Every structure is written in C-alpha cells, then in structure tokens.
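Here is a guided walk through one protein chain, going from a single helix out to the cores and the sheet. Keep the viewer open and follow along.

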Amino acid sequence: MAEDPGPAEVATAAATFREERVDGEETLETLLTVDDEHETWVFDDLPVDSGTFGELVSRGLVTKIDGEYRVSNRTGVRAGLEGEEVVGDGSENDNGFELRAPIAFDPRAALALGGALVVLFFMRIVNYQSVFQGGEVVSPENDPYYYRHWMEELLSESDGVTDFGVIADMPDRAADTRPFTHAANWFFAELGGGGQWAADVVAAWLPVAMALVLGVVVYWLAIVVTDDVRVGVASVILLALTPIHAVYSGIGFLEHRPHQYLWLGVTLVTLAWLAVDLESCRESRTEQRTSSRIPGLSPAIRAHLRSPWTWVAAVVLGIALTVSAHTWGGSVLLFIPAAAYVGFKVAMDARADLSPALANAPVVLGLLIAGVCSASLHVRWGWHDSFIAIIPMLVFAGALGVIGLGELWRRLEWPVGRLVGLEGVLVAGSVLAFSYLRPENWATLRARADDVVFREGATETASLFALDQAVVQGPLAQLGVQFYVAVVVLGWACWIAYRRYEPAWLLLSTYVAFWLAMATFQVRFAAQLAVPLSVLGGFGLVYLIAWLDVGRLPAPFRERDETTERRRRDLTADGGTKKPSIVLPRDLSTVAHLALIGLIICGMSLVFAPSFAAQTAYDDAQVEATIAIAEHAEDVDREYPESYVLSQWGDNRMHNYFVNGHADGYSYADRNFQEFRTDDDPDGWYDQFEDDDVGYVVLTDSAGESPDGSAQATLHEELGAGGHENDGLEHYKLLYADDDATAFAIVPGATLEGPVEATDHVTVSTEVEVDGETVEYEREVDVGDDGELEVVVPYAGDYAVDGTEVTVDETAVLDGEVVEFE
C-alpha cells in the first residue's frame with residue numbers, strides 16, 4: 001500500500017483545492033470537522049457529493065484505512081486551508097521531538113523592536129550627567145550604595161569569576177535577604193575584570209542593560225499573547241515611558257529591582273508560552289476524544305506535551321522562580337500570582353474538558369524545580385531565610401492538590417465556580433495550618449510583610465491612589481495615561497477569560513490584578529505592575545488606533561471574525577502572501593493622527609519620567625560636599641569607623657560609600673539625625689559623637705525648615721561661624737558650604753588659654769577660607785574671675801584675642817591640644 005503524502009504535499013494540494021473550487025474552503029472546513037468527530041469514517045459521514053469526495057481522495061487529502069477513511073494529514077490540510085507553510089514533518093502521530101525556533105524572525109518587526117529599544121535606552125539614561133560627576137559614578141537615591149557595598153566586598157574576597165565559594169559563603173547580612181542580587185552583581189563585575197573600574201561599570205550600566213533585556217522579554221510576551229508585532233512594539237515603548245519604571249531601572253540604579261523585573265518578565269513569558277501553545281493545539285485539534293491509554297490525553301494535550309519547547313519553558317520557569325525567590329526580601333510575593341494563576345487555570349481547563357493534570361504538567365514541573373532549587377540554595381549556601389525553602393514547595397504541593405480537585409470536577413462535570421470557591425477555602429486553611437505548624441517561619445513572614453507592605457516614612461511607601469493626589473493623579477504620574485487604557489483592556493481580558501478558554505489573558509489579568517492591589521498599598525509595586533500592564537496598554541493602544549480608523553485591529557480581534565474568509569482576507573493578500581507585520585503610513589493625515597494619539601497617550605510620561613528621575617539624583621552640592629569630606633578624611637588619616645558621616649537617612653549611604661566604603665546601613669542616621677538637626681545645642685552632641693565615632697556631618701536644605709538656634713539653622717545657614725547674635729561652634733569645622741549642602745568635620749578643637757585685659761568678655765575671631773570663600777569665625781567669650789580666658793576653637797589659623805594674635809595649628813585642632821598665650 002502506498003504511503004500517505006507528506007504534510008507539505010498535502011498543504012499544496014489543499015491550497016490548490018481551496019483556490020480552484022468555489023466551495024473549496026467550506027469543504028475543507030467540513031472535512032476537518034468530520035475528521036475531528038471520528039477516528040475513521042465512511043463516505044456517508046461527509047456531506048459532499050461523490051464527485052467532490054473522489055477529488056479529495058485523488059488529491060491525497062483523504063486516505064483509506066481498513067475500509068474506512070480519514071484525513072491523510074491534518075496539519076497539511078489546515079496549513080493549506082489557512083495559507084500557511086508547514087514547518088517540520090507535520091506528523092501528528094510522530095512520537096519524536098522537533099526543535100525549532102519558538103518565534104519566527106521578521107525583519108520589519110526586528111527593525112521596529114530596535115527602534116523601541118532605542119527609546120527605552122534613552123529613557124533610562126536621562127540621569128547620565130548626574131550619575132557621572134567628578135570622575136565618580138554617583139548612583140541616584142540611597143539604596144544602590146548598599147548593593148555597591150556588597151558587590152565590592154565580594155570582589156575584594158574573590159579570586160576571579162570562577163570563585164563561587166565567595167557567593168556560597170556570603171556574610172549573613174548579604175545572604176539573608178537578597179543573595180542572588182549580590183551574586184549576580186559580583187559575577188558581572190568579575191566578568192568585566194574585577195576591580196573598582198568594573199564595579200563602577202556594573203553600578204552604572206547593569207540596570208540599563210537589564211532594562212533592555214526586559215524590553216525584549218516584554219516584546220516577546222506581547223507577541224506570544226497577541227500574535228501582533230505592533231502590540232509588541234507598543235508595549236516596549238509604553239514600558240520605556242513608564243515614569244516609575246524609568247526611575248527604578250535607570251542608569252546607576254543598582255538594586256534588586258532590575259533583577260526582579262527581568263525575572264518577573266521571564267516568568268510571565270514562560271507561563272504565557274505554555275498557555276498559548278496549549279490553546280493553539282486545542283484550536284487546531286478541536287476533538288477532545290482520545291485513543292490513548294492515558295486518560296485525558298487528548299490530541300491537543302498530546303501535541304503540546306510533545307513539543308520540546310514545552311519542557312524548555314518549564315525548566316526556564318523553574319529557574320526564573322528560583323532566581324526570583326532569592327532576589328529580594330519580599331520574594332514570597334512573586335509566588336502568590338503564580339499560585340493564583342494555577343488555581344484559576346485548573347478551573348478553566350476543567351470547564352473546557354481538558355485534563356488539568358496533563359494540561360498543567362509543565363507548569364507543575366517548573367514549580368517543582370523552583371521548590372527544589374530554592375531549598376537547595378538555602379540549605380547548601382545559606383541563602384535567604386528558612387521560609388524560602390518551604391514556601392515554593394508549599395506552592396508546588398498546593399498546585400498538585402488543586403489539580404487533583406480539578407480532575408475530580410472535570411470527571412463529575414460539576415460547576416467550576418464551586419471549584420474556585422473551594423480553592424479559596426483551601427488556601428485560607430493552608431495559611432492557617434502553616435501559622436500553627438511553623439510558628440517561627442510564620443513570625444518571620446509576618447515581620448517581612450510588615451517591612452515590605454506596611455513600611456512608612458519613604459515616598460515610595462505611599463499608595464498609588466493617594467488622596468493627596470486626588471486618587472486619579474497618582475497613576476497618571478507614576479504610570480502614565482496608558483494606565484487607564486490598560487485598565488479598560490484588563491476588564492475586557494477578565495471578561496473573555498471568564499467566557500472562553502483564554503489562559504494567556506487569564507495570566508495577564510491575574511498578574512496585573514495582583515500587582516495593582518499591591519500598588520494600592522505602596523506605590524513602589526507599580527514598577528512590577530508596569531511589566532504586564534505595558535502589554536495590556538500596548539494592546540489597548542493598537543486597538544485605539546484601529547478604532548480611529550488609522551490602523552488594523554489587533555490580531556486577536558481579526559482572528560475571531562465570524563467567517564474564515566474574513567479571517568483569511570485580513571491575514572493574507574496578493575496570492576496568499578502574508579501582509580507585512582508593520583506598514584508605515586504613506587499619507588500625512590495618518591501620520592498626524594498617529595502622532596496625536598501618541599502625544600495624548602505618552603505626552604505626560606515624557607514629562608514625568610525625566611522629572612521623577614531628576615528627583616532621585618544627587619545635585620552638584622551634595623557630591624562636592626561628599627568629596628570634600630573624603631579628601632579631609634584622607635588628609636588627616638581618618639579611617640572607618642571614625643570617618644562615619646551623619647546625614648539625613650535618605651542620603652546617608654551615598655556619603656559613607658564615598659568617604660569610608662561602608663554603606664550597608666543607615667539605621668544610626670535614621671535614629672539620630674532628625675533629633676540632632678532640631679536641637680539647639682549642636683556642641684552638646686560632641687561627647688555622643690565621640691563615643692559613636694561620628695566624624696562628619698552633612699546638612700541640606702531638603703531636610704526641612706528648623707527654628708532659629710537649631711543645629712540646622714546654626715550649621716547650614718550660619719555655617720557654625722557665629723553672627724546673628726549666635727556664637728561660633730566649638731567642634732564643627734566647615735569643609736564645604738553651598739546653599740544646597742554644607743559639610744563639617746567633627747573635631748576636638750584646640751583650647752586657647754591665657755590672660756586678657758578685659759574683665760567681662762572678649763571677642764575671639766579668625767578668617768577661614770573654605771573652597772575659595774572666606775568665612776569669618778567669631779565668638780564672644782566670658783572672662784574668668786581670675787582674668788584668664790579659656791575657649792575651644794575648631795579651626796587652625798591666626799586668632800585675634802583681645803588685641804593679641806594667637807596661632808593655632810591643625811594638629812592642635814585634631815588632637816584637642818591646649819594653646820597657651822600671654
């Protein structure tokens with residue numbers, strides 16, 4: 001018996017049949033439907049005349065088996081019907097794997113993506129001049145210096161890029177909460193050659209590089225979900241213009257956040273690919289019967305599980321979740337939307353009569369890998385708290401339990417609404433049981449939740465919908481107008497996920513809803529929200545353009561038109577050649593409309609993103625004040641801890657990083673600086689500063705107003721030099737003065753002792769040159785009953801004392817020596 005024709009031959013024959021016959025397309029659709037409904041069938045099952053049936057057989061579209069018929073190759077017939085090419089052997093019964101690219105290369109799409117990435121790049125380097133100051137890499141904000149500190153600590157202890165013992169034996173302060181972030185930063189710095197230059201390059205450019213990679217990931221995510229290049233490009237552009245994300249992934253912002261955002265994106269892509277691949281297999285194989293001995297192994301699931309990319313995606317999912325678990329202190333949050341998605345998808349699978357166990361096997365494998373690897377890193381290397389060895393495995397176990405319920409619901413054909421309700425009850429019960437069985441871990445989780453979700457004091461801890469911004473202005477400022485476009489799409493996505501089998505839209509809806517809820521507590525979570533939200537925003541933007549009749553509808557709308565002819569007409573043109581993925585407008589009217597839409601959607605972000613980024617940068621005065629302190633510490637040989645800099649807590653890590661290299665904490669500044677700056681006796685703090693090894697003080701105008709006579713007013717406004725009815729201070733030596741920032745060294749001061757002719761008080765004064773400016777230091781000092789004067793001064797130089805010139809050297813000031821005069 002002759003072998004069946006190959007898929008490419010069948011596709012060619014089907015395409016010819018479709019084009020040559022008026023009823024060709026309808027006949028092929030009917031043929032596939034009948035073949036879906038039967039393993040094999042007879043002539044009477046197919047509602048066509050004998051001539052048409054004979055032609056189907058003669059063209060090799062139908063083959064005879066044991067006296068009955070079946071389609072010779074479903075993949076080939078479907079490809080010919082839809083005008084697509086067959087990739088690979090197209091065999092539905094082949095048990096082998098065929099590894100091919102999961103996304104096709106499109107030159108137009110690549111060029112458009114490149115343009116979007118250029119926009120993303122420039123939006124991430126708006127702080128370039130502020131970051132590169134005075135030959136240093138000055139990271140914005142406070143926290144990046146914590147990560148730079150530990151990166152350089154690890155570099156100082158390692159012997160090269162292969163010395164993994166360094167990250168396997170991190171100090172507890174580094175390993176407890178963000179071990180992977182520190183390990184990755186160290187690895188990239190070692191890859192660059194190690195040393196300070198490599199550390200500075202990583203500090204400046206790694207966040208930008210990771211933002212660009214995330215841009216590619218977001219593009220891929222949008223393509224996987226929507227199958228529309230324009231949505232992918234729009235998503236990247238909207239991510240680029242999202243103000244809060246531009247701040248947290250901008251140049252110099254070396255934190256856990258760029259790592260976290262990237263691996264969140266990778267998690268979404270793997271879950272989306274698994275969802276869409278299964279959905280595609282289901283649509284191309286509409287029967288749910290099975291001839292397999294494995295219960296529930298329908299042709300759709302069989303095809304999905306046979307794809308090697310399915311298992312690649314599962315492994316990458318496990319890696320992404322493992323990395324996410326060890327990236328930051330609140331990593332447990334990243335497992336919540338993943339677990340919720342699995343729960344909802346199981347219900348969706350059961351409703352669609354798909355086996356939840358088989359349909360979600362790759363996801364379960366990913367969760368298992370994440371659980372095992374997360375626990376292994378904690379047990380073997382001491383990474384993170386102990387709960388991170390438990391939570392991922394609990395999510396895996398919970399997924400197995402939910403899948404078991406889903407199988408039961410599917411077989412009994414119970415309403416899935418009750419299944420979702422039962423899943424919620426089980427989650428609540430599991431949490432309660434965990435709190436009783438693991439009280440120590442529960443206490444740690446509670447404390448971490450309080451720190452992550454309910455922390456107060458920083459700007460980022462306010463709600464996205466803060467009342468002082470009239471609720472609606474917060475999203476506009478932090479996420480842009482696209483937020484409201486995406487919210488509309490979110491409503492649509494939730495609706496279709498409720499009505500149809502759309503696991504990819506269910507995925508995006510779940511993640512967006514979760515991070516939106518978190519951003520309602522604290523606005524900093526809006527940056528995580530921006531990753532999946534940008535896809536919804538990009539989809540909404542493309543739809544808006546089509547609604548205004550200046551572009552095509554997004555692919556999901558085109559592909560679900562009522563007739564196959566309409567769908568084929570939208571997808572192909574000119575003899576079956578696919579329409580270009582992106583078509584440039586050729587008339588000025590269309591260009592003007594597109595520009596106007598872009599300005600409306602993106603205009604506010606173009607204002608807010610650079611503005612917010614500038615707010616996080618250090619100005620010239622703060623940097624110069626820090627450099628002045630560093631130079632003084634080097635000149636007088638002050639080493640840590642005597643070189644500690646006290647400042648406002650939000651700047652403290654930056655000052656100490658450049659002065660003494662210790663930027664792992666700011667708790668002392670947080671506890672003491674505010675009290676110090678409002679105290680009316682700065683010299684009264686000298687004994688405490690000496691005990692606590694405080695060597696320097698920095699004050700800025702951003703610290704807020706203080707009453708006259710306070711340390712803020714005396715030091716920052718009067719420079720501690722006296723005047724305005726106040727005396728100069730004893731222990732504060734001015735190193736740098738500017739309207740925006742002032743810096744002082746804490747010194748014992750030289751004690752001037754000697755007789756004077758005055759009987760009540762005398763003026764002690766000198767002129768001090770600081771950074772090219774002359775400051776007059778002056779004090780009114782009471783004379784003792786014995787006619788002796790005793791006064792402490794913080795500067796070296798020549799002092800005028802009751803008509804006598806007294807010279808004080810730097811050593812006397814630094815060592816607290818007595819300088820006698822006659």
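In helix α7, the residues that count as buried are Pro144, Tyr145, Tyr146, Tyr147, Arg148, His149, Trp150, Met151, Leu154 and Leu155. That makes 10 of its 14 residues, and the helix is mostly covered. Helix α7 runs over residues 144-157, and from its first C-alpha to its last it reaches 20 Å, close to the 20 Å expected at 1.5 Å a residue. Please keep in mind throughout that this is a predicted model.

Stepping back, the whole chain comes into view. It holds 35 helices and 17 strands. The C-alpha trace spans about 135 × 65 × 50 Å along its principal axes. Of the 822 residues, 54% count as buried. Among contacts between residues at least 6 apart in sequence, 72% join residues at least 24 apart.

Next, the nonpolar interior. The largest nonpolar core has 150 residues, and the members touching the most others are Leu479, Trp505 and Trp515. If we set aside residues up to four places away in sequence, tryptophan 515 touches Gln260, Leu264, Leu333, Leu334, Pro337, Phe525, Gln528 and Leu529. Another core lies apart from this one; it has 60 residues, including Ala621, Val659, Leu715 and Leu789.

A good place to pause is methionine 348, which lies in helix α17 (residues 335-351). Is methionine 348 buried or exposed? Its relative accessible area is 4%, under the 20% limit, so methionine 348 counts as buried. Leaving out neighbours within four places in sequence, methionine 348 is in contact with Ala497, Arg500, Tyr501, Glu502, Pro503 and Leu506. Arginine 306 is 42 residues from methionine 348 along the chain, and the C-alpha atoms of the two are separated by 22 Å.

Now to the strands. β1 (residues 62-65) and β2 (residues 68-71) run antiparallel and are joined by 4 bridges. Within this pair, lysine 64 stands opposite tyrosine 69 in β2. The two strands form a hairpin with 2 residues between them, and aspartate 66 in the turn has a positive phi of about 50°.

Further along the chain, 4 strands form an open sheet with mixed pairing, in the order β7-β8-β10-β9. β7 (644-646) and β9 (732-737) each have a single partner strand, so they stand at the edges and one side of each is left without a neighbour in the sheet. On average, and with direction ignored, neighbouring strands here are turned by 25° against each other. Inside the sheet, β8 (residues 694-700) and β10 (residues 741-746) run antiparallel and are joined by 5 bridges. Leucine 699 stands opposite threonine 742 in β10.

Two helices that pack on this sheet can be set side by side:

| Helix | Residues | Strands touched | Angle between directions |
|---|---|---|---|
| α30 | 620-635 | β7, β8, β9 and β10 | about 135° with β9 |
| α32 | 667-678 | β7, β8 and β9 | about 50° with β7 |

Threonine 742 also leads to histidine 716: the side chains of these two residues make a polar contact (3.1 Å). Histidine 716 is found in helix α34 (residues 711-717). Its relative accessible area is 10%, which means that histidine 716 is buried. Beyond its neighbours within four places in sequence, histidine 716 is in contact with Leu699, Thr700, Asp701, Ala711, Asp738, Asp739, Asp740, Ala741 and Thr742. Leucine 699 and threonine 742, the residues that stand opposite each other, are thus both among the contacts of histidine 716.

The last stop is serine 647, placed in the loop between β7 and α31 (649-660). Which side chain makes a polar contact with the side chain of serine 647? The partner is asparagine 652, at 3.2 Å. Serine 647 has a relative accessible area of 1%, and so it is buried. Not counting residues up to four places away in sequence, serine 647 touches Asn652, His655, Ala669, Phe673 and Val698.

Technical notes:
Residues are numbered from 1 along each chain as its sequence is written. This is a predicted model: local features need pLDDT of at least 70, side-chain atom pairs count only at pLDDT 80 or more; totals for chains, interfaces and linings use all residues. Side-chain values use heavy atoms; hydrogens and water are left out. Two strands pair if DSSP finds at least two bridges between them. Axes are lines fitted to C-alpha atoms, for helices over the stretch in contact, and angles run from 0 to 180 degrees between N-to-C directions. Contact means heavy atoms within 4.5 Å. Buried means under 20% relative accessible area, exposed over 50%, partly exposed in between (1.4 Å probe, protein chains only). A polar contact is a pair of N or O atoms within 3.5 Å; within protein, one must be able to donate a hydrogen and the other to accept it, and residues adjacent in sequence count only if both atoms are side-chain atoms. A nonpolar core is a set of buried Ala, Val, Leu, Ile, Met, Phe, Trp, Tyr and Cys residues joined through side-chain atoms within 4.5 Å. The expected span of a helix is 1.5 Å times one less than its number of residues.
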